[in-house]
Amino acid sequence: MTQIYLMRHGQTLFNVMDINQGHCDSQLTASGIAQAKRAKEWFVSQGIRFDKVYTSSSERAMDTTELVTDLPYDKLKGLKEINLGTKEASPNSENPTYPYGDYFVKYGGESLEGFTTRFYETMLKIAQEAGDQTVLVVSHGMAIKRFFTAIAHDHQDALLGNCAIVDLTYQDGQFQVNHIINPNA
């Protein structure tokens, strides 16, 4: 059985400004840094030690990862947030109501289904390669939401706060969500 802790990155400047950030990036805020440090404290308090660490190749995810653990990590583009094309860094208020479907495709971005498949396949590869290890994966809010959809989990409508942690296992070809932890509540 593979133990996976799937975590959202810390708060960013664009989160505060309510601006779209898919593949584009913005730096962690002071609050985002504090959130990541509290997440690290939670892992330590639970006696959780990672055998392997993966992160999105986005700077906000890598910065969060480096605040949570000193272990080396693998950067994976498959863990990145949805590509919004020319809608990157635009106000969130311009987005259609979720689910977006193919909305961003006309702007050079990804379809929601294509994004979901990309993220799910990356998580599946991580889980299959990890074996009986404990793994940390740092990614993004919409990516985790779409992962819940792909595994038909009850929390698929949840929007996780920054540095929320999803405790899940992978066994016999199935992902199981055990708990959702918010060390910043």
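**View 1. Ring pairs tie Tyr98, Tyr100, Tyr103, Phe104 and Tyr107 into a cluster.** Rings of Phe, Tyr and Trp (its six-membered ring) pair here if their centres lie within 6.5 Å, with planes under 30 degrees apart called stacked, over 60 edge-to-face and the rest tilted. By this rule there are 14 aromatic pairs. This is a predicted model, so local features need pLDDT of at least 70 and side-chain atom pairs count only at pLDDT 80 or more, while totals for chains, interfaces and linings use all residues. Residues are numbered from 1 along each chain as its sequence is written, and side-chain values use heavy atoms, with hydrogens and water left out.

**View 2. Tyr5 meets Trp42 edge-to-face.** A pair of aromatic rings is described by the distance of the centres and the angle of the planes. How far apart are the ring centres of Tyr5 and Trp42? They sit 6.4 Å apart, centre to centre, with 65° between the planes. The pair bridges distant parts of the chain, as Tyr5 belongs to strand E1 and Trp42 to helix H2, 37 residues apart. Helices (H or I, at least four residues) and strands (E, at least two) are DSSP runs, numbered from the N terminus. Both Tyr5 and Trp42 are buried; that label means under 20% relative accessible area, with exposed over 50% and partly exposed in between (1.4 Å probe, protein chains only). Now compare Tyr103 and Tyr107: their ring centres are 5.4 Å apart and their planes at 55°, so this pair counts as tilted. Tyr103 has 16% relative accessibility, so Tyr103 counts as buried, while Tyr107 comes out at 26% and is therefore partly exposed.

**View 3. Two lysines lie over tyrosine faces: Lys87 over Tyr107 and Lys145 over Tyr98.** A charge sits over a ring if NZ of Lys or CZ of Arg is within 6 Å of the ring centre and within 35 degrees of the ring normal. Lys87 is 5.0 Å from the ring centre of Tyr107. For Lys145 and the ring centre of Tyr98, the figure is 4.5 Å.

**View 4. Strand E1 has neighbours on two edges, E5 and E4.** Two strands pair if DSSP finds at least two bridges between them. E1 (residues 2-8) and E5 (residues 165-171) run antiparallel, with 6 bridges; look for Met7 opposite Ile165 and Thr2 partnered with Tyr170. E1 also runs parallel to E4 (residues 134-139), again over 6 bridges, and here Arg8 stands opposite Ser139. Is E1 covered on one face or both? Both: Thr2, Ile4, Leu6 and Arg8 are buried on one side, and Gln3, Tyr5 and Met7 on the other.

**View 5. E5 and E6 make an antiparallel hairpin, joined by 7 bridges.** Ile165 stands opposite Ile181 in E6. The hairpin has 2 residues between its strands, and Asp172 takes a positive phi near 50°. E5 is mostly covered, with 6 of its 7 residues buried.

**View 6. Helix H2 (residues 30-45) keeps its buried residues on the same side.** The buried set is Gly32, Gln35, Ala36, Ala39, Trp42 and Phe43. Why do they share a side? They cover an arc of only 115° around the axis (taken from the directions from the helix axis to the C-beta atoms). An α-helix has 3.6 residues a turn, so residues three or four places apart point the same way. On the other side of H2, Ala30, Glu41, Val44 and Ser45 are exposed. The cover over the buried residues includes E1, H3 (59-68), E4, E5 and E6 (174-181), where contact means heavy atoms within 4.5 Å. Just after H2, Gly47 has a positive phi of about 70°.

**View 7. Helix H5 (residues 141-150) is largely enclosed, because 8 of its 10 residues are buried.** Those residues include Met142, Ile144, Phe147 and Phe148. They pack against E1, H4, E4, E5 and E6. Ala152 follows H5, with a positive phi near 55°.

**View 8. Gln133 sits in the loop between H4 (112-130) and E4.** At 30% relative accessibility, Gln133 counts as partly exposed. Beyond its neighbours within four places in sequence, Gln133 contacts Met1, Thr2, Gln3, Asp51 and Lys52. Gln133 and Ile4 are 129 residues apart in sequence, with their C-alpha atoms 8.3 Å apart in space.
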